[in-house]
Amino acid sequence: MIKEIGQRNREILRLVVETYMATGEPVGSRILSKKLDHKLSPASIRNTMADLEDAGLLFAPHTSAGRLPTESGLRLFVDGLLQVGDLTHDERSAIENRCAASGRGFQEVLTEATAALSGLSGHAGLVVAPKVDAPLRQVEFVPVGPGQALVVLVTENGQVENRMIDMPLGMSPSALAEAGQFLSRRLKGRTIDMAREEVLGELAARRAELDQLTSKVVEAGLAVWGGEPAQGRNPSGTLIVRGSANLLDDVAAMADLERIRSLMEELENTEEMLRLIDLTHGSEGVRIFIGSENTLFRQAGCSLIVAPLQNQQQRIVGAIGVIGPTRMNYARLVPMVDFTAQVVGRLLR
């Protein structure tokens, strides 16, 4: 469609979108006449804007106001008129430094990457990754208080994951150590899903031999890491959102606030969270979803810039991106999301 609307229409549409992104306000013909490289009367500009409105690419929020781009207009701009910029040296360094994996576990790297995106973009950063399914090297249970223990899993590729579990009161440190040794011996070199049925079957056959309390801890550890829902936890993966308060900066009415709240609630939903990963499958780079193009953001009126997270084997293991208003600076944020995904991907084995 971009080739069908004519050079003048393309130029006016580009200026309307870029001015709107910079100001958030309706754009009038007088403003555009000052920005055009060639002389064009305000009347001619108004006629062109009327043509773009008839094509569904612009709309007037009020009778006497200037024009704003519709979602179709934004999509046309992104697909055909957007000139993607490049990151500065300082921005690249900030992302690389925040994501540095030295001494950090997988979750910490993802958290830092999300915080870096939020800080540099001024919007909400988001990362989602499925549960760990890499072969394991070691399992350890660490008591942290009455009735609670920390499960520490170390994968063969060096990633470290921690989860809290409830355990029977009166559990001794030696029983916890025994539970860790039991799982380590049977899970080493295998994923939780691969060994789950075998371990649970062995527990059933050896309950008289294995201390009852230890058995409960082993089962609890398998439940948390093997996908069975634990109260108050999302078993399907990791969801990290940083800078969600930034989404409120452009709120102009309570209805907008309610849409933002609705978005954050939907992000906590397991199915919606995993759908973010599905959005990136079949895509080699950054994808942009504007407003209602994605059911997840239809009510919130937000846009999503998202890139797949690929490990060193080029397998998609998650997604990372930025959520913000539809007038985000796409030209600046697309390379930012892309570069962050590449940096994190190099750290994932």
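**Cores, a helix and a ring contact**

Leaving aside residues up to four places away in sequence, Leu-13 is in contact (heavy atoms within 4.5 Å) with Ile-5, Leu-52, Leu-57, Leu-58, Gly-73, Leu-76 and Leu-81. The model is a predicted one, with local features needing pLDDT of at least 70, side-chain atom pairs counted only at pLDDT 80 or more, and totals for chains, interfaces and linings using all residues. Residues are numbered from 1 along each chain as its sequence is written, and side-chain values use heavy atoms, with hydrogens and water left out.

Leu-13 turns up again in the largest nonpolar core (buried Ala, Val, Leu, Ile, Met, Phe, Trp, Tyr and Cys residues joined through side-chain atoms within 4.5 Å; buried is under 20% relative accessible area with a 1.4 Å probe, protein chains only). This core has 55 residues, and Leu-13 and Tyr-330 touch the most other members. Helix 12 (residues 330–347) gives the core its largest share, ten residues. A second, separate core holds 15 residues, among them Val-151, Met-171, Ala-179 and Leu-183.

Then there is helix 6 (helices are DSSP runs of H or I, at least four residues; strands are runs of E, at least two, both numbered from the N terminus). Its buried residues include Phe-106, Leu-110, Ala-113 and Leu-117. Just after helix 6 comes Gly-122, with a positive phi of about 80°.

Leu-304 sits in strand 9 (residues 302–310) and counts as buried because its relative accessibility is 1%. Leu-304 and Ala-124 are 180 residues apart in sequence, yet 9.8 Å apart in space, C-alpha to C-alpha.

Conventions
Buried means under 20% relative accessible area, exposed over 50%, partly exposed in between (1.4 Å probe, protein chains only).
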